[in-house]
Amino acid sequence: STIREALITLDREGIITKKQGIGNLIHKSTLEVKMRIDLVQDFSKLLENGGYKPSVKRINSGWIDNMPPQLDIKMPSTKDKRYFLSEFLYLADNQPAILATNIFPKSALNMAIQSDGIPLNSFKGFFNLLSKYTNEEISHSITRFIPSKVDTRISKILKIKENEPIIKREEFYYGIFDKLICCSEIAFHPYLVNLTIVRKLD
């Protein structure tokens, strides 16, 4: 039933624990957790969940011949020599909070990407973009969180002092035939974005 499915979801998300003979135990501690990166993938919604008024703007897009040296992305080996780069800046109450850089190998695209056709405002829109322009249905992604330092470029964009510690998220999206479709590097402002994860320990 719908109620049973909802309870299963709440249990999986750590909001309740189902205990035979006792019932459903509610965990208020998890209800108070904001910016849960394990639940919220859309960065605008993540910022909104943190109490901010979010907005987003495109700051860069176009073809590049080499991987930008300032990125920490360790691109898996491909034969591609050209990539399409798309960058967005997410704002929290008009303050720069998240820098998202997406890179598409040319071989993954079935048509040329139009910069003005790249969605600005949603994670769902990003997946619609991948479906529209690539040759494969998206199957899965592999994510790594990487400690790093603020370089000159990120310092200017996110308005943080150089060499300050920062967390970056590196993500690789693969198609159903295990072909690399896109890679992303996300830089989070350390004072505006407090990423959290709730782990359900069974």
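In the next few minutes I will go through the main pocket of this structure and then two residues, S184 and T17. Please keep in mind throughout that this is a predicted model.

Let me begin with the pocket. The largest pocket has a volume of about 170 Å³, and the elements that each give two or more residues to its lining are α4, which covers 123–133, β6, which covers 138–149, and β7, which covers 165–175. Its lining comprises 13 residues, and those that lie nearest the centre are I37, Q41, T143, R169 and E171. Sorted by class, that lining consists of seven nonpolar, three polar and three charged residues.

I turn now to S184, which sits in strand β8, residues 180–188. With a relative accessible area of 3%, S184 counts as buried, because the cut-off for that term is under 20%. Its side chain makes a polar contact of 2.6 Å with the side chain of N102, and, once neighbours within four places in sequence are left aside, the residues in contact with S184 are I73, T101, N102, F126, R169, E170, E171 and Y173. As for T143, it is 41 residues away from S184 in sequence, while the C-alpha to C-alpha distance between the two is 9.4 Å.

Finally, T17, which belongs to strand β1, residues 16–19. Here the side chains of T17 and H27 are joined by a polar contact of 2.6 Å, and H27 also appears among the contacts of T17 beyond four places in sequence, together with D11, G23, N24, L25 and K200.

Conventions. Residues are numbered from 1 along each chain as its sequence is written. This is a predicted model: local features need pLDDT of at least 70, side-chain atom pairs count only at pLDDT 80 or more; totals for chains, interfaces and linings use all residues. Side-chain values use heavy atoms; hydrogens and water are left out. On a 1 Å grid over the protein atoms alone, a cavity is a set of points where a 1.4 Å probe fits but cannot get out, and a pocket is an open set with protein on both sides within 12 Å along at least five of seven lines; lining residues have an atom within 4 Å of a point. Grid points are joined across faces, edges and corners, and a volume is the space filled by probe spheres set on the points. Helices (H or I, at least four residues) and strands (E, at least two) are DSSP runs, numbered from the N terminus. Ala, Val, Leu, Ile, Met, Phe, Trp, Tyr, Cys and Pro count as nonpolar, Asp, Glu, Lys and Arg as charged, and the others, Gly among them, as polar. A polar contact is a pair of N or O atoms within 3.5 Å; within protein, one must be able to donate a hydrogen and the other to accept it, and residues adjacent in sequence count only if both atoms are side-chain atoms. Contact means heavy atoms within 4.5 Å. Buried means under 20% relative accessible area, exposed over 50%, partly exposed in between (1.4 Å probe, protein chains only).
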